[in-house]
Structures are given as structure tokens and as C-alpha cells.
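Hi everyone, thanks for coming. Let me walk you through a structure that may be new to you, so please have a look at it with me.

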Amino acid sequence: MMEGEVPEFLDLSVREILTEMKDISEVMVDLAYASLMFDSEDIAQKVSELEAEMDNLNYAIKIKTLMAARTREDAIQLSGMLQVAAAAESISNAAGDLVKLQSVDIERRPFLSFMLRESEEKIRMITVSEKSDMSNRTIGDLGVEAETGMRIIAIKRRQRWIYDPEPETKLKARDTLIVRGTKDGYERLAEFSSGRSHWPEHEEG
Amino acid sequence: MQEMERKLLELKDTSELMMDLAYSSLLYNNHDIAEEVIFLEGMMDELGNEIQKMVIDQSSQGGDVMKSLVVLRLQMAMEEIADAAASIADVVLRGVPQHPVVQMSLRDADVVISRAAVAEGSDLAGRTLGDVKLSSISGMFAIAIKRGKKYIFGPSRTTRVEAGDMIIARGPEDGEKYFAQLASGDERVPSE
């Protein structure tokens, strides 16, 4: 091994790295638009951090796939994975370019947040009420996306942000969620987050 | 909203749908969905050209240069996302079986994207999404409807489904089959 720093993420498997890259690229795009909509520098900052992480992941996956290729068959198959990784990185670069639009004086881009709010697949904020039975349960346990079609991109808990929460992340009363999905899905989620309806329970199949 | 804003939004919706579809096609090795991505890329190119022309027109007629710059940069970023999505779909369509190292790798979420054509005799034809309660009965949320060459993004409860429409929906894997059968007319919408 060459001298110098050991690249990050080499302890992860190729599949773990690729899954991570997919998740990060998706959440970065959502966060980038959210930063423009809500004019939030916090969120923009997080996008920049994720962009740097993505570079490291892309470096790691190149090393891992090169090490895994033993035959021509291997190389053909793994090249497909590298193409996907490169695409995920392109998406992350595009998200990085989007947040840079924040540097444009806000008076010069009023149409931007207006326009984004009109978007069909909308990003919205929603608060978990004290009365909601969503609190103190994990996102995975609830199956938020399967139940409502809404994806939780970030959670604001008091002064702290949790970005791209895991299925194991527990929701708390008074959490503010940034969610993405359709209007119908949002209205359905609002029924539960407000405590107007109980979260539906399904029998184990 | 002005014409240019409308076109930009359409570009944004298209690029996001492409990204969703591309990753989903990879997860489930779904060629139908991958082909949809390639089709959408053609739309992106056309829309992108129209937007660029409009921006240049407006600028040369003394319009706000800063706004033009913002629009162009937005358009370019969305285009980059769309190109990346097409590149992922390309991997799927090339049909390279996935390497054992990564096989099933992305199959962590149990949410699938599925498309189904609405047949003449389907209960969905001629009714609104809210009327048939598609999401409550099948668990599948319509994220887009393709009608001829046009897409309706983020259809709502009041959107009427027509025979011949292609519904693109997202939901749990076990809702996929029922959704397909509702669209083909093999299953009926339960009466209240």
C-alpha cells in the first residue's frame, strides 16, 4: 500500500457502498431543492458535506471493484456497477450546483421558491403532534413510505437536524419532518401526524 | 405562472421521475421501467432546448440577466440528473447480469415502482383516482400518468383516469400484482 492516508469506506462492501451512494444522491437532490425553497443555509451546508462524502464513496467503490475483478466476466459485470456509481456522483454534483444558486441575491430569484412550491412532487414540512401515535416509533416500524408514499428527507428536532434518517430512527412528538411526495400522500400523512387518525396496523402476512 | 416557469417545473418533475424510475429499474431489474427512463430523456432534451431559446430571447430583449442565469443553471443541473438517470437505465437495458458481489444490493427498500396500462374494461377507466381510492385499496400511489405522449405528474384525487392511460405507481411489493390486475380489468374495485 502506498504511503499516505487510507481511503475512507474501504471497510464497507461494494453493495454497501453502492446502496449508500444511491441513498445519498437521492436525498441530496431533495435537500438541494429544500434549501432553495426555505432559503436555508443549514441545509445547503449539509448538501456540500454530502457532496464530499460522495467523492470518497466513489473513490472507494473504484478501488473495491478493481480488486474484485478476476475474470473478463467479472470486469463486464462490475463495469456496470461503476457506471451506476458514476451516475450517482453526477447526481450529487448536480445537487451541489443547485445549492450554489443560493449565492444569487434572494431579490433576484424570487420566482425560484415560488416555482418550487408549485411543483407537483412537493417537498413540504410537517410536524408530529403530541397526540400522534407516530411518536416514539421508528420510521421502519411504521413503514411511512409504504403507507403514505411520503419519504422523510430530514427531521428537525429542536435545534438539531437529522438528515436522511434510517429506518431505525425513532420519531418524537414535536419533530418537524421535511417530506417529499404527492399532495394526496401528504394529506394522508397529515391525518396521522396530527393525531386525527390512528396509524393503520396491518396483520403480519 | 409564466410559460418559462411552467416549462422549468415540467423539467424538474421529469428529471425527478427519471431518477426514481432509474434506481427502481436497477433494484428490480425491470426493463419496462428502464425504457420509460430513456423515453423521458428525449422529452428532457426537447424541453431543455425550448427553455434555453426562451432565456436567450428574453435576455436579448433586455430581460433580467441574473434571472436568465439562474434559469440556465437550473436547467443544466436538471439535465445532469436526467443524463445520470439515463446512464443507470442503460446499465439495466444492457442486460448485464449483476455480479454476485452486488446482487440484490439495492434491494433494501420494499417499495417498488410499477407501471400498468389501463384497459377498456378496467374499473379505473373513466373514474378519478379519489373515486376508486387506488392508494387505500392497493397501497400503490400514482406518481405519474402517461397519456399518449404527455405525462401528468403527481396526479391528485381529482385526476380522471382514461382507458389507454399508463399509470406509474409506487408502493409495497405486495400491492404490485393487485394494481396490475385492477388496471387490466382482471380485478374489480371493491364496492363500499
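Where the two chains meet, 41 residues of chain A are in contact with 46 residues of chain B, contact being C-beta atoms, placed from the backbone, within 7 Å. This is a predicted model, where local features need pLDDT of at least 70 and side-chain atom pairs pLDDT 80 or more, while totals for chains, interfaces and linings use all residues. Residues are numbered from 1 along each chain as its sequence is written, with chains lettered from A and ligands numbered from 1 in the order in which they are written.

Which helix gives the most to the side of chain A that touches chain B? That is helix 3 of chain A, with 15 residues. Helices here are DSSP runs of H or I with at least four residues, strands are E runs of at least two, and both are numbered from the N terminus.

Now over to chain B. Helix 1 of chain B, residues 3-27, should span 36 Å for its 25 residues at 1.5 Å a residue, and its end C-alpha atoms are indeed 36 Å apart; the expected span is 1.5 Å times one less than the number of residues. Just after helix 1 of chain B, B:Asn29 has a positive phi of about 45°.

Finally, the sheet. Chain A has an open sheet of four strands in the order 1-4-2-3, with antiparallel pairing; strands pair if DSSP finds at least two bridges between them. Its edge strands are strand 1 (122-127) and strand 3 (160-163) of chain A. Strand 2 of chain A joins strand 3 of chain A over four bridges, and A:Lys156 has A:Trp161 as its bridge partner.
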